[in-house]
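Reader: Got a minute to go through this structure with me? I'd like the plain version.

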Amino acid sequence: MDLLLDNGFFLLKGAYYTLLITVISIFFGLIIGIAVALARLKGSRPIRWLARAYVSVIRGTPALVQIFIVYYGLVDYGITLDSLTAACMALSINVGAYLSETFRGAILSIPKGQTEAAYASGMTSWQALRRIVFPQAARVAIAPMGNTFIGMLKESSLVAVIAVTELLRSAQLLIAQYYVNMPFYLGIAVMYWVMSTVFSAILEQIEKRLSKAY
Amino acid sequence: MIQTIGLSKTFHDAEVLKNIDLRVAKSEIVVLLGPSGSGKSTLLRCLNGLEELSGGVVEVNGIRVDAAMKSREKHAKFREIRRQTGMVFQQFNLYPHKTALGNVIESLLIVKKMPREQAVQVGEQLLERVGLADKKDAFPSRLSGGQQQRVAIARALAMEPAIMLFDEPTSALDPELVGEVLDVMRQLAKEGMTMVVVTHEMKFARQVANRIVFMDGGSIVEEAEPAAFFREPQTERARRFLNQLSDY
């Protein structure tokens, strides 16, 4: 316990990076997810095909491999990214694919009559999406989205392998210094759990607010 | 006001509308009758472009759309048409995430870009007109089917349409709620609205329509004034249709 307290600041800094990577990746993942979902639903044939290929490749390969490709693989082409940037990039691309599937399903679940009513009143297809379909789809998407976010938080530990000093790697560094394992691993397990729980609580609040409307 | 010339519509290989020539004059109320699958709803939906035309011409309030136009141009023209026509659907299609008032003013805010205060004023008047002023803050899920459909009519009226299209507006309603919706439609008819109505309400057709257009198999089979149509239909198919109805 003393070991943990003595190194608390170091671990908290790790937790900060875990959170930072998660939030940044979710932010860009959301943008990618919406764009890809729309590309698959409304795009021309080649765009639809591209979007489908992206989702299929990302979901069909391990996140760890994706991280290696972005961090080590791109170096071969003269693109050198610092590890934090590479981590965020790889995870954004990864989570974007999963979110795009969630969004696509949610948008498809809104009855066609909603769009028709919007069109019939003179709206453009973008206006109908923004004002009528998205608000309803968000409600459908929020629960599966929450699962993806929490998965993301935990998956961010993968980037320890490219030397981003997030929570897991912080613990590993301390272990290398003190030659004891358990307290540090247990310590960060608790910290992950606390962060997940807080995340869930926030999402639950959002879900409640969204469903209160009708 | 409305004119179609040689309008046709095919789904995959099936011809749903064949060479339809329909004219509707200003303030005229036309009821489309016919067995299910006869193409009435499809015809109605072709008038504001919810269905794509396969051939022919649709002209509404002076805006002409030819099936041969480029699709971008067709979309633009139909959007113009939709700003001047209101449509009421069988399933109401109210926006569930908006209140009754929110539903009514949505197109005013988004399409007409009207300032909110002004839109709210217009919206409240419209809800009053359909007898639902006290329900303006209710979400659709809290309204009965008849109330929902009246809100939908108010919503369709918000853009001050020159023409109203009704696609089986009472078919999804419990029998005791049909009357309140038909009353609102009668009122509109009295105010001189141009209306095209697909319905199975024969009493409404007989009392309110200026003209009955009877369709079968994707074609207009017979057109007549309601009194004449119901007394002595000229075609065998119309006679059979009316007989089937009176059997019940």
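Author: Here is a short chat about chain A and the nonpolar core. This is a predicted model: local features need pLDDT of at least 70, side-chain atom pairs count only at pLDDT 80 or more, and totals for chains, interfaces and linings use all residues. Residues are numbered from 1 along each chain as its sequence is written, with chains lettered from A and ligands numbered from 1 in the order in which they are written.

Reader: OK, how many helices and strands are in chain A?

Author: Nine helices and zero strands, taken as DSSP runs numbered from the N terminus (helices H or I, at least four residues; strands E, at least two).

Reader: And what does its C-alpha trace span?

Author: About 70 × 45 × 20 Å along the principal axes of chain A.

Reader: Where's the kink in α7(A)?

Author: At A:I142, shortly before the proline A:P144, and it is about 45 degrees. The bend is the angle between axes fitted to the seven residues ending there and the seven starting there.

Reader: Which residues of α7(A) are buried?

Author: Among them are A:A128, A:I132, A:F149 and A:L153. Buried means 20 or more other C-beta atoms within 10 Å of the residue's own, with C-beta atoms placed from the backbone.

Reader: Switching topic: which residues touch the most other members of the largest nonpolar core?

Author: A:A87, B:L32, B:V104, B:A154 and B:V196, out of 124 residues. Helix α5 of chain A (residues 83–108) gives the most to this core, 13 residues. Such a core is a set of buried Ala, Val, Leu, Ile, Met, Phe, Trp, Tyr and Cys residues joined through C-beta atoms within 7 Å.

Key. Buried ≥ 20, exposed ≤ 12 C-beta atoms within 10 Å, placed from the backbone.
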